[in-house]
Amino acid sequence: MASSGTSLRKRQIDALVRLLSFNESGGPSSTPLGLASPGKGKGRGGASSGGQGGGQSGSSYKVLVLDSFTRDVITPLLRLNDLRKCGVTLYLLIDSERQNVPDVPAVYFVRATDVNVSRVTQDLAVGTYDVAHLNFCAPLSDKSLQDLASGLTKQRCLGRVAKLFDQNLAFVALEKDLFSLMIPKAYVALNDPSAKDVEIEKAIGDIIDGLFCAIATWGSVPIIRCQRGGAAEHVARALDGYIRKHLEQRSNAFSSSTMKGGSFQRPLLVLFDRNFDLTPQIQHCWTYHAMVHDVLGLKLGRTAVASENPASGGSTGSKKSYDVGPGDFFWEENGGRPFPKVAEEVEEQLNKYKKDMAAINTHTSGAGEDEDDNLQANTKNLMNAVSSLPELTERKRVIDKHTNIATALLKEIKDRQIDNFVAVEEELFAGKADKSAVLKVITTPKGLLSDKLRLVATWLLTCETLPSAADFEEIDQCLKGAGADLEALNYLKRLRNLSLTGAQRSFAMPGSAGSSGTQGNILDFADKFVSKGLDVMAKGMKNLMSQGQTFAVTRAVQALVESKGSGEEQEKYLYFDPKLPRGTSPASSKSAAYRDVMVCIIGGGNYLEYHSLQEMSQRVQPKCNVVYGATEMLAPCEFLQQLTELGNKGK
């Protein structure tokens, strides 16, 4: 079960390693299909019992064939060295020109699109690979399975198929408890007023496929709750039906998941439409993960920063990429912390490294008066030093990486005066700022146009009542004069007029610092950063640390997890249990507190909500495990572009 202590990310990695080992050990995240050739398969089990490659171990040499989607699934999870350990000597994209590779089995891991199914058939027909292990990242439809079987039979190459599996891996776990379905522009697809029914159903179908894969890898059939109306309800109803149909199969993704971990309590899946709360997707942020995502363009566990020229002190024009994510101790420990604290931590880690290196040098540099007596002790010290050096070297590499990332963030903060935007937005959330405060910031020369648009959007969403036309006109004229496209704001105005946005204001947690403590200015310390170190800069930023906020999604999830709130409050969320007969109502939607929770945002997610939910999971009693996911992880500027696109469509 999900509560067994194994994270979603670890489960997905295990499933990928199993895939690369020719699926020799079954598991809950993959479903075998009966398309192995006679003499090579075992009926519906699809397990190979003969033929080339069928019985080879995971360490055997193999070629890995991916499409662009599955490449992005694997990239943050398995690095090149990991693939080598799994015997992958070569990996290629299915739509690229590929030469024949005889005597080496091929492992296909692709989506079940018509184009991919046709390309697989073509590869096997011409003998590109002698043996193919076919793995589709989402459940194969009956039509796709029939097309594949028909094509292979027609081309007389069915004998080259060793195994075929539905892998249920059409998502990527970016962090231990964070996943993305990697469905681009889902928000646009589900909110486009000109979209046709077939287009909306296609978008819903893609979401259902990805969500089902995440649930199957999670390991247990959840109870589903969702807000009434909108895309969340549509997805919840369709997902409930999809799981019911899947459970009717004798061999399904949950048949071998027998409540691992000793708990028989069902997990909870909560679905939200992005319109439930738009502010976390737009506002400026002050925590580390969110800032790297927003400012430096974090994508699939990788970010890039401009390389500095030591001679001139400026940028070289090139960028250096860094991998971050699980396995990076600094990234894991500091993701939800405010940037000033992160800057201090970089300096503390560097000092700790220097201290540890000095201790090693002290123990290994000299001998005592009696060299014979100290030989054994010195040898032991030397051996200890040698054994600890790899760990220290890796720690220094991580520290250097985050020093460079923090330096890049500070430069952007200075150039764009992001601190001013954060401060005003915090005042807006607290109800202590108005149009004049917004106007003061957007009329300054600092800041990107997108920064100013986001600030105005935050003002628009946090106002108790929709601002007057006169107030809009003054703001609009200021932005138009700077060359901004106002369609995103026009779209948000329409949402407010139609009351299609949920509770937008984020409230401070009990005991959190108020937003009045934002008078400091980190820009005064920017020049000291390079010359005097992060500690000096961080001390000047302490007063700018963002106040704790509980977002609307977090408040709603906490109420559902604890089964608290009035009956009317609980009734706002529909209840689905795929294990109950259709039409059967649960005795009560209020059950014992949930221990395992998955939250998915339909239309895009962000690191602010992710960390807010993680904090909540440790605050509630009893504590719970929360997995956060979204149709895609969207940086604020990316979401602003989608709002602009919808604004243009609504003209």
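## Strand 2 and its partners

In this predicted model, strand 2 and strand 4 (residues 106–110) run parallel and pair over four bridges. One register point to look for is Val65, whose bridge partner in strand 4 is Tyr108. Strand 2 also pairs with strand 3 (residues 88–93), again in the parallel sense, this time over five bridges. There, Lys62 sits opposite Val88 of strand 3.

How many of the five residues of strand 2 are buried? Five of the five, across residues 62–66, so the strand is largely enclosed by the rest of the structure. Side chains in a regular strand alternate between the two faces of the sheet. Here Lys62, Leu64 and Leu66 point one way, while Val63 and Val65 point the other way. All of them are buried, the lysine included.

## The seven-stranded sheet

Moving further along the chain, there is an open sheet of seven strands, ordered 7-8-17-16-10-9-15, with mixed pairing. Strand 7 (172–175) and strand 15 (573–576) stand at its edges; each has a single partner strand, so one side of each has no neighbour in the sheet. On average, neighbouring strands are turned by 25 degrees against each other, ignoring direction.

Within this sheet, strand 10 (residues 268–273) and strand 16 (residues 596–602) make a parallel pair with six bridges. Leu268 has Val597 of strand 16 as its bridge partner. Helix 8 (residues 230–247) lies across strands 9 (223–227), 10, 15 and 16, and runs at about 160 degrees to strand 9.

## Gln227 in strand 9

Gln227 belongs to strand 9. Is this glutamine buried or exposed? Its relative accessibility is 13%, so it counts as buried, the cut-off being under 20%.

What does the side chain of Gln227 reach? It comes to 2.6 Å from the backbone nitrogen of Asp273. Leaving out residues up to four places away in sequence, Gln227 touches Ala232, Glu233, Leu271, Phe272, Asp273, Phe276, Lys572 and Tyr573. Among these, Leu271, Phe272 and Asp273 fall within strand 10 (residues 268–273), and Tyr573 falls within strand 15 (573–576).

## Asn606, just after strand 16

Asn606 lies in the loop between strand 16 and helix 22 (607–619). With a relative accessible area of 5%, Asn606 is buried.

Two polar partners are worth picking out. The side chain of Asn606 makes a 3.0 Å polar contact with the side chain of Gln281, and a polar atom of the Asn606 side chain lies 2.9 Å from the backbone nitrogen of Glu609. Setting aside neighbours within four places in sequence, Asn606 is in contact with Arg274, Pro280, Gln281, Tyr628, Met633 and Leu634. One of these, Tyr628, falls within strand 17 (625–630).

## Helix 17 against helix 23

Helix 17 (residues 487–497) and helix 23 (residues 636–649) pack with their axes 7 Å apart, at an angle of about 75 degrees. The two helices are therefore roughly perpendicular to each other.

Helix 17 contributes Glu487, Ala488, Tyr491, Leu492 and Arg494 to the contact, and helix 23 contributes Leu640, Leu643, Thr644, Leu646, Gly647 and Asn648. By type, these residues split into six nonpolar, three polar and two charged.

## Backbone oddities

Most residues other than glycine have a negative phi, and most peptide bonds are trans. A few spots here go the other way. Gln621 and Pro622 are joined by a cis peptide bond, with omega about -5 degrees. Pro622 is in the loop between helix 22 and strand 17 (625–630).

Arg156 is not a glycine, but has a positive phi of about 55 degrees. Arg156 sits in the loop between helix 5 (142–154) and strand 6 (161–166) and is exposed, with a relative accessible area of 80%. Gln417 also has a positive phi, near 50 degrees, and is found in the loop between helix 12 (371–416) and helix 13 (418–429). Unlike the exposed Arg156, Gln417 is buried, with a relative accessible area of 18%.

## The overall picture

Stepping back, the protein has 23 helices and 17 strands. Of its 651 residues, 53% are buried. Among contacts with a sequence separation of 6 or more, 81% are between residues 24 or more positions apart.

Terms used: Residues numbered from 1 in each chain as written. Predicted model: local features only at pLDDT ≥ 70, side-chain atom pairs only at ≥ 80, totals over all residues. Heavy atoms only, no water. Buried < 20%, exposed > 50% of the residue type's maximum accessible area, 1.4 Å probe, protein only. Pairing = 2+ DSSP bridges. Axes fitted to C-alpha atoms, helices over the stretch in contact; angles between N-to-C directions. Contact = heavy atoms within 4.5 Å. Polar contact = N/O pair within 3.5 Å; in protein donor to acceptor, adjacent residues only side chain to side chain. Parallel < 35°, antiparallel > 145°, perpendicular 65-115°, else oblique. Nonpolar A, V, L, I, M, F, W, Y, C, P; charged D, E, K, R; others polar.
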